[in-house]
Amino acid sequence: MDHNKRQERLVSRLRQTVPRTSKEVLPEMIENQVEQYLIKKVSALGGKAWKFVSPGNAGVPDRLITYNSKAFFVEVKRPGGKPRALQKATVAQIRATGMKVYCISTKAQVDELTNLMRSGIIPEERHFDRI
């Protein structure tokens with residue numbers, strides 16, 4: 001195979017795996033940044049933001065937050081992001097057990113949640129809820 005054909009194949013493969021514009025990267029980056037910010041802020045309070053994975057159960061929230069003998073779940077979405085139907089159904093099952101599930105999509109919401117936590121308040125779900 002000559003050099004030009006090899007280069008064309010490589011470029012073709014890269015185009016399939018690497019986003020071409022910042023718009024293709026931005027939503028994932030923002031969601032990840034909000035999630036990392038949540039971890040940092042909860043840790044600063046002395047709490048823990050556990051990555052929640054439940055093998056065999058799709059649609060579970062991203063984080064299980066534990067703080068001062070309280071526990072609740074947080075689903076992180078990009079600004080304007082909407083939960084999938086499966087996520088809505090799973091959240092409904094979790095809420096049916098009496099657990100709270102919040103949906104957070106901005107750093108300001110993280111600040112608001114952690115400020116309430118610091119005050120000893122676990123807010124009503126509708127305060128953050130979009131699920």
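This briefing describes the nonpolar core and two individual residues of the structure above. The model is predicted. Its largest nonpolar core comprises 17 residues, and helix 2 contributes the most to this core, with 4 residues. Beyond the core, the points below concern Gln109, which is found in helix 4, and Lys88, which lies in helix 3.

**Nonpolar core**

- Within the largest nonpolar core, the residues with the most contacts are Leu38, Ile65, Phe72, Val74, Ile104, Leu113 and Met117.
- At least two residues of this core are supplied by each of helix 2 (22-44), strand 2 (63-67), strand 3 (70-76), strand 4 (101-104) and helix 4 (107-118).
- Leaving aside residues up to four places away in sequence, Phe72 touches Arg63, Leu64, Ile65, Met99, Lys100, Tyr102, Leu113, Met117 and Ile122.

**Gln109 in helix 4**

- The side chain of Gln109, a residue of helix 4, reaches the backbone nitrogen of Ser105 at 2.7 Å.
- When residues up to four places away in sequence are not counted, Gln109 touches Cys103, Ile104 and Phe128.

**Lys88 in helix 3**

- Lys88 belongs to helix 3, which spans residues 85-96.
- Lys88 counts as partly exposed because its relative accessibility is 45%, a value between the 20% limit for buried residues and the 50% limit for exposed ones.
- Although Lys88 and Gly59 are 29 residues apart in sequence, their C-alpha atoms are 7.8 Å apart in space.

Terms used. Residues numbered from 1 in each chain as written. Predicted model: local features only at pLDDT ≥ 70, side-chain atom pairs only at ≥ 80, totals over all residues. Heavy atoms only, no water. Core = buried A, V, L, I, M, F, W, Y, C linked by side-chain atoms within 4.5 Å. Buried < 20%, exposed > 50% of the residue type's maximum accessible area, 1.4 Å probe, protein only. Contact = heavy atoms within 4.5 Å. Polar contact = N/O pair within 3.5 Å; in protein donor to acceptor, adjacent residues only side chain to side chain.
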